[in-house]
Amino acid sequence: MSAPAPSTSAEPLRLTSTQWLICIIAAIGFAFDIYELLMLPLVIAPALKELGNITPANKELFAFWFGLLFYVPAVCGGIFGLLGGYLTDRLGRRRVLTWSILLYAFSAFAAGYSTNLPMLLFFRTTTFIGVCIEFVAAVAWLAELFDNPTQREKVLGYTQAFSSIGGLLVAIANGLILVYAGKLPQIVLPGFLNLFGGEIADPHAAWRYTLMSGIIPAIPLIIIRPFLPESPKWAQKKAAGTLRRPSIAELFSAELRTTTLVTTAMFACSYGVAFGAIQQMPQIVGGIDAVKAEMETRASAAKEKALASAAGQEDAADKAKAAAGQAAGKARQEKAAEYTKAQEIGGLVGRFALAALVVVFASRRNLLRVFLIPGLILTPLIFIAFSQGKDTTFFSADISWIPGFHGLHISLLGIGIFLAGFFTVAQFSFWGNYLPHAYPMHLRGTGESFAANIGGRMIGTPFAAVTQYLALQSFVPGASPEAKTAYVAAGVAGTLFLLNLILSCFLPEPKPEHD
């Protein structure tokens, strides 16, 4: 299918079938790159337990592997993501986008076969690399598809909103898998993946199915790929021989130095809040009184059942203890998924709010401050509330007929994490709208990639490990690991929101000639 000619009309035009295809595949990419990233906070605890017999009770070892599984993929993703941005400018948006989605989809699937921690780390790293490259290629592609500024901003805003749909989907998928894992086909290790040694201990482990569900975006991509054109503007300049060669050094020229440094630092702060605070929820929920009570109830029931079925056997006590631990762990995972859904719904609403406001605010600084100022005030208070372990439910309803939902519970902390997601996640859509206009076409992918991958992925994402490390320190208040984690998350969120607000004073307004 030939590339559509750019529209030059002042009025937004109806999308062509080709433009719809591009928007669809970009939205799928946005949805599943967040889907892939947010798997880890949900599955890391059971994965560490099965692959290394590492639990939160072993604080130092748990924090070490927790940090390693966040930090190593982030660093490698940042390095290769920067290379991917360069290749996006050299080879084209479509080709790089396609291969990046295939890379992270098949890597996530392979991670479900992990037999040891090094194998899980390897495939999480290749997954992260694909995700880092995909975001840059998709944003550059969409930004060059429309000439009409209003239409372009809306398309960038609303397609990026699918990122939060991806976050919601992974929470729902994980909830469903926790319920039906025992009925799913056994996971059998293929011979070609046995390079790392070892065997699959639990062929029905829910965390494995959750990881393997990341293969989904490869399916529509394989079908739609033949109908996807290259970016028309990029292709025209490439054909005419007027497309300049991208250069990382040019990002630090006198004209672009401030843009590069400020956007990189601010992107790091945005990601730091997400991973250093919001994505700590699965590690915090175990300290909430209602969650602890549910865990104890299920553990007690599972223990009694195991003792009855193993009566007279020498290892009856061990089996009962293991059954109780599994039941408590499952209850904790289910509750973590419920709070994660609230956070992701908040993020989704925040992204749609950004998409609606982006055509209203002439100043990009003021647009971002709409989310930074309330976030600075509320997010630390929300996590301090989580540290107290008390939640108040205002409304409950049985909505088990909706896949992935056991019930609807509106609580004080649920509203809190919704608001934290709203003010934090909307910032990611802001950067997706801002960055394409901050750099000229030949540097668009490279510039976006530097801010997103060096700032967001390499510097911002490892705040997940920073929070876990600080939570181990004796000077942090809190009577339990969950309370300490919540206090640290509050500090991380407050510090990074404040820093982002200060940096926004130096954020350059995009230049019209870069559009």
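Are phenylalanine 62 and phenylalanine 66 buried or exposed? Both of these residues are buried, and they open this set of close-ups, all drawn from a predicted model.

**Figure 1. Two phenylalanines of helix α2 form a tilted aromatic pair.** In this view, the rings of phenylalanine 62 and phenylalanine 66 sit 5.9 Å apart, centre to centre, with 35° between their planes. The two residues are four places apart in helix α2, which means that about one helical turn separates them. As a handy reminder, an α-helix has 3.6 residues a turn, so residues three or four places apart point the same way. Counted over the whole structure, there are 20 aromatic pairs.

**Figure 2. Phenylalanine 70 and phenylalanine 275 meet edge-to-face.** Here the ring centres are 6.1 Å apart and the planes make an angle of 70°. Phenylalanine 70 belongs to helix α2 and phenylalanine 275 to helix α10 (residues 257-276), so this pair ties together parts that lie 205 residues apart in sequence. Both partners are covered: phenylalanine 70 is buried at a relative accessible area of 3%, and phenylalanine 275 is buried at 5%.

**Figure 3. Ten residues make up one aromatic cluster: Phe62, Phe66, Phe70, Phe267, Tyr271, Phe275, Phe428, Phe430, Trp431 and Tyr434.** You will recognise Phe62 and Phe66 from the tilted pair, while Phe70 and Phe275 return from the edge-to-face pair. Tyrosine and tryptophan take part too, with Tyr271, Trp431 and Tyr434 among the members.

**Figure 4. Helix α16 bends at asparagine 453.** The helix runs over residues 444-460, and its bend is about 25°. Most of α16 is covered, with 15 of its 17 residues buried. Now look for valine 75, a residue of helix α2. Valine 75 and asparagine 453 are 378 residues apart in sequence, yet their C-alpha atoms are 8.6 Å apart in space. Valine 75 has a relative accessible area of 18% and counts as buried, because the cut-off for that class is under 20%.

**Figure 5. Cysteine 76 and cysteine 269 are shown in a structure with zero disulfides.** Why does cysteine 76 have no bond to cysteine 132? The sulfur of cysteine 132 is the closest cysteine sulfur to that of cysteine 76, but the two are 9.8 Å apart, too far for a bond. A disulfide would need the sulfur atoms to be within 2.5 Å. Cysteine 269 is in no disulfide either, and its nearest cysteine sulfur, in cysteine 505, is 13 Å away. The surroundings of these residues can be described as well: cysteine 76 is partly exposed, with a relative accessible area of 23%, whereas cysteine 269 is buried, at 4%.

**Figure 6. The largest pocket holds about 1500 Å³ of space.** Its lining is made of 50 residues, and Pro46, Lys49, Gly325, Gly329 and Gln333 lie nearest the centre. Several helices each supply at least two lining residues, including α1 (17-52), α2 (59-91), α6 (162-180), α12 (289-309) and α18 (481-503). Which helix gives the most? That is α13, with ten residues; this helix covers residues 316-357. By residue type, the lining divides into 26 nonpolar, twelve polar and twelve charged residues.

Technical notes: Residues are numbered from 1 along each chain as its sequence is written. This is a predicted model: local features need pLDDT of at least 70, side-chain atom pairs count only at pLDDT 80 or more; totals for chains, interfaces and linings use all residues. Side-chain values use heavy atoms; hydrogens and water are left out. Buried means under 20% relative accessible area, exposed over 50%, partly exposed in between (1.4 Å probe, protein chains only). On a 1 Å grid over the protein atoms alone, a cavity is a set of points where a 1.4 Å probe fits but cannot get out, and a pocket is an open set with protein on both sides within 12 Å along at least five of seven lines; lining residues have an atom within 4 Å of a point. Grid points are joined across faces, edges and corners, and a volume is the space filled by probe spheres set on the points. Ala, Val, Leu, Ile, Met, Phe, Trp, Tyr, Cys and Pro count as nonpolar, Asp, Glu, Lys and Arg as charged, and the others, Gly among them, as polar. Rings of Phe, Tyr and Trp (its six-membered ring) pair if their centres lie within 6.5 Å; planes under 30 degrees apart count as stacked, over 60 as edge-to-face and the rest as tilted. The bend at a residue is the angle between axes fitted to the seven residues ending there and the seven starting there.
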